[in-house]
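User: Please take a close look at one helix of this model and at how it packs against its surroundings. What does it meet, and how is it covered?

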Amino acid sequence: MNSTPLWLPSLTLAAAGGWLAATMFAGPATSREPRFPQLTMDQLDAKQKPLGEQIMKVSSVGIGGPYNPMICSPVLGQRLFDLFHYLRWETSVPTKLNEFAILIIGRQWRSQVEWYAHAPLAAKAGLSPDIVAELKANKRPANMAEDEAVVYDFVTELTATKKVGDETFARAKKVFNDQQIVDLTAVAGNYVMVAMLLAMAEETVPPDKQEPFKPGEP
């Protein structure tokens with residue numbers, strides 16, 4: 001079924017090259033002192049360092065982005081890191097659709113860091129530039145494949161109405177198996193939490209980069 005609900009209105013090095021160096025002394029988007037000054041590995045205490053070392057092995061942003069506030073709570077940070085690892089590299093959802101779901105959440109939250117980080121990953125995974133551009137413009141993308149349309153409608157309906165209707169769920173069941181539906185739900189919820197961390201900490205893009213979302217845009 002292709003109907004549209006009536007109610008609907010791992011960073012790549014290429015994208016993130018230089019982030020760690022650029023953000024090592026960067027403050028938030030305002031001129032105030034940063035809420036969480038950017039940590040460096042040599043500043044980590046004995047409880048934080050094991051997590052920092054794990055992050056450095058897989059993250060092309062070092063301990064920047066959401067990792068910077070996460071590492072302030074190292075036990076929680078470790079649990080979240082393990083969850084991130086599954087939802088980014090071991091999930092049953094195909095990479096293109098997984099990144100699309102992350103972008104949908106990033107757009108809902110107007111999360112500068114999430115969009116800056118994941119738009120290049122989505123494109124690299126094969127998501128159409130037109131879909132990325134229309135989503136960024138706060139539009140339901142046109143010309144989506146059926147699996148892409150299911151991801152958009154499923155994630156948007158769940159976050160907007162706090163439920164998934166029978167029609168949308170039935171469409172999802174035609175495209176995904178049970179594990180994939182659970183994993184898709186989890187990645188969406190996870191990146192709401194990531195967006196919250198980034199917003200709370202006032203984390204932003206590197207100082208030499210433009211924020212994806214401009215003031216006054218919807």
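Analyst: A helix here is a DSSP run of H or I with at least four residues, and helices are numbered from the N terminus. The model is predicted. The part in focus is helix 6, residues 95-108.

First, the setting. The protein has eleven helices and zero strands. From the N terminus on, its elements run α-α-α-α-α-α-α-α-α-α-α. Of its 218 residues, 47% count as buried.

Now the helix itself. Helix 6 has 14 residues, which at 1.5 Å a residue should span 20 Å. Its end C-alpha atoms are 20 Å apart, so expectation and model agree. Just after helix 6, the backbone changes character: Arg 110 takes a positive phi of about 50°.

Next, burial. Helix 6 is mostly covered, with eleven of its 14 residues buried. Buried means under 20% relative accessible area. The buried set starts with Leu 97, Asn 98 and Glu 99. It goes on through Phe 100, Ala 101, Ile 102, Leu 103, Ile 104 and Ile 105, and ends with Gly 106 and Arg 107.

What covers them? The buried residues of helix 6 pack against helix 5 (74-90), helix 7 (112-124) and helix 8 (129-136). They also pack against helix 9 and helix 11.

Take the helix 8 partner in detail. The axes of helix 6 and helix 8 lie 10 Å apart, at an angle of about 20°. Angles under 35 degrees count as roughly parallel. Helix 6 and helix 8 are therefore roughly parallel to each other. Their crossing is right-handed. From helix 6, the contact uses Phe 100, Leu 103, Ile 104 and Arg 107. From helix 8 come Ile 131, Val 132, Leu 135 and Lys 136. By type, this contact holds six nonpolar residues, no polar ones and two charged ones. One general point helps in reading such a pattern. An α-helix has 3.6 residues a turn, so residues three or four places apart point the same way.

Two other partners of helix 6, helix 9 and helix 11, also touch one another. The axes of helix 9 (residues 146-161) and helix 11 (residues 178-201) come within 11 Å and cross at roughly 55°. Helix 9 and helix 11 are therefore oblique to each other. Helix 9 passes helix 11 in a right-handed crossing. Helix 9 contributes Val 151, Phe 154, Val 155 and Leu 158 to this contact. Helix 11 contributes Ile 181, Leu 184, Thr 185 and Ala 188. Here the residues divide into seven nonpolar, one polar and no charged.

Methods
Residues are numbered from 1 along each chain as its sequence is written. This is a predicted model: local features need pLDDT of at least 70, side-chain atom pairs count only at pLDDT 80 or more; totals for chains, interfaces and linings use all residues. Side-chain values use heavy atoms; hydrogens and water are left out. Axes are lines fitted to C-alpha atoms, for helices over the stretch in contact, and angles run from 0 to 180 degrees between N-to-C directions. Angles under 35 degrees count as roughly parallel, over 145 as roughly antiparallel, 65 to 115 as roughly perpendicular and the rest as oblique. A crossing is left-handed if the near helix is turned anticlockwise from the far one by less than a right angle, and right-handed if clockwise. Contact means heavy atoms within 4.5 Å. Ala, Val, Leu, Ile, Met, Phe, Trp, Tyr, Cys and Pro count as nonpolar, Asp, Glu, Lys and Arg as charged, and the others, Gly among them, as polar. The expected span of a helix is 1.5 Å times one less than its number of residues. Buried means under 20% relative accessible area, exposed over 50%, partly exposed in between (1.4 Å probe, protein chains only).
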